[in-house]
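Dear colleague,

Please find below the structure that I am handing over to you. My notes on its interior follow directly after it.

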Amino acid sequence: MLADLTAGAVEDAETRRLSRPLAEVEKAALAQAPARDALAALAPGDAVRIIAEVKRASPSRGDLAAIPDPAHQAGLYEQGGASAISVLTEQRRFKGSLDDLTAVRASVSLPVLRKDFIATPYQVLEARAAGADLVLLIVAALEQPVLAELYALIRELGMTPLVETHSPDEVARAAELGAELIGVNARDLSTFELDRDLFGRLAERIPTGAIKVAESAVLQPADVAHYRAAGADAVLIGEALVTGDPVATLTAFLDAGQGRFPQEER
């Protein structure tokens, strides 16, 4: 599944490249205002940070929400207390686009993450040209030399790489890069099975000083509290926010990240 998703994303990027050459995208990327400081926004503190995701669909769950106005959705996330916004730009299975990212960037002051299956420099330049401040790199999808090349380019463009891992070996590869923002995805992108306890098993392997991000398997406040107790500095949340009231859900999740629950959940 991961190989297919990555191949499809690269193929779609190559199609875009036919109408928008690399030189044009690079010029647009370099003309962007400096990227926002995502590390400062997600820095460890007394409260868990939430990266709130604009997500229409997924291969495992199908359609989640239409989200006709991603900018409005992101605005609700900012209002609700999110620290950063993730925008899924993969078009085949997640029904996203770079236009979504551009619209979100224009509507919020928070750092914005391009979440996609990034495997080429062209995709990184596209992200910066659209206004992204962070770019997702999935260790399992990339050989180490390519991972290192893309990581360096993201940094060179002033953005922050979110390096996603799923195993001890992948955490070690992220550490080899010197990654300052390391995610652990509870969803195995080969089988799409979930393991909420994976973050806790890998968190102690993440280098001291790196910001730890828990991804996936967050549907209720108790899940945020579970990740926070296991050492998460930030939690990336998508489905629960697009299928309910974003502001109320964020409030409940942020409270849970500080150990505060409604009476009925105690």
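The notes below cover the pocket, the cavity and the nonpolar cores in turn. Please bear in mind that this is a predicted model.

The largest pocket has a volume of about 400 Å³. Its lining comprises 26 residues, and Glu53, Lys55, Lys115, Arg187 and Ser216 are the closest to the centre. Two or more lining residues are contributed by strand 6 (134-138) and by strand 10 (234-237). Sorted by class, the lining of this pocket holds 13 nonpolar, 8 charged and 5 polar residues.

As for enclosed space, the count is 1 cavity of 30 Å³ or more. The volume of the largest cavity is about 50 Å³. Lining the largest cavity are Ala9, Asp12, Arg16, Thr89, Glu90, Gln91, Arg114 and Asp116. Helix 1 (residues 2-19) supplies the largest share of this lining, with 3 residues. By class, the cavity lining has 5 charged, 2 polar and 1 nonpolar residues.

Turning to the cores, nonpolar side chains tend to be buried together in soluble globular proteins. The largest nonpolar core here has 69 residues, and those with the most contacts inside it are Tyr77, Ile85, Tyr227, Val235 and Ile237. Neighbours within four places in sequence aside, Tyr77 is in contact with Ala52, Glu53, Val54, Ala82, Ile85, Leu241, Val242, Pro246 and Leu250. Another core, of 22 residues, lies apart from the largest one, and its members include Ala38, Phe117, Ile138 and Val213.

With kind regards

Note on methods: Residues are numbered from 1 along each chain as its sequence is written. This is a predicted model: local features need pLDDT of at least 70, side-chain atom pairs count only at pLDDT 80 or more; totals for chains, interfaces and linings use all residues. Side-chain values use heavy atoms; hydrogens and water are left out. On a 1 Å grid over the protein atoms alone, a cavity is a set of points where a 1.4 Å probe fits but cannot get out, and a pocket is an open set with protein on both sides within 12 Å along at least five of seven lines; lining residues have an atom within 4 Å of a point. Grid points are joined across faces, edges and corners, and a volume is the space filled by probe spheres set on the points. Helices (H or I, at least four residues) and strands (E, at least two) are DSSP runs, numbered from the N terminus. Ala, Val, Leu, Ile, Met, Phe, Trp, Tyr, Cys and Pro count as nonpolar, Asp, Glu, Lys and Arg as charged, and the others, Gly among them, as polar. A nonpolar core is a set of buried Ala, Val, Leu, Ile, Met, Phe, Trp, Tyr and Cys residues joined through side-chain atoms within 4.5 Å. Buried means under 20% relative accessible area, exposed over 50%, partly exposed in between (1.4 Å probe, protein chains only). Contact means heavy atoms within 4.5 Å.
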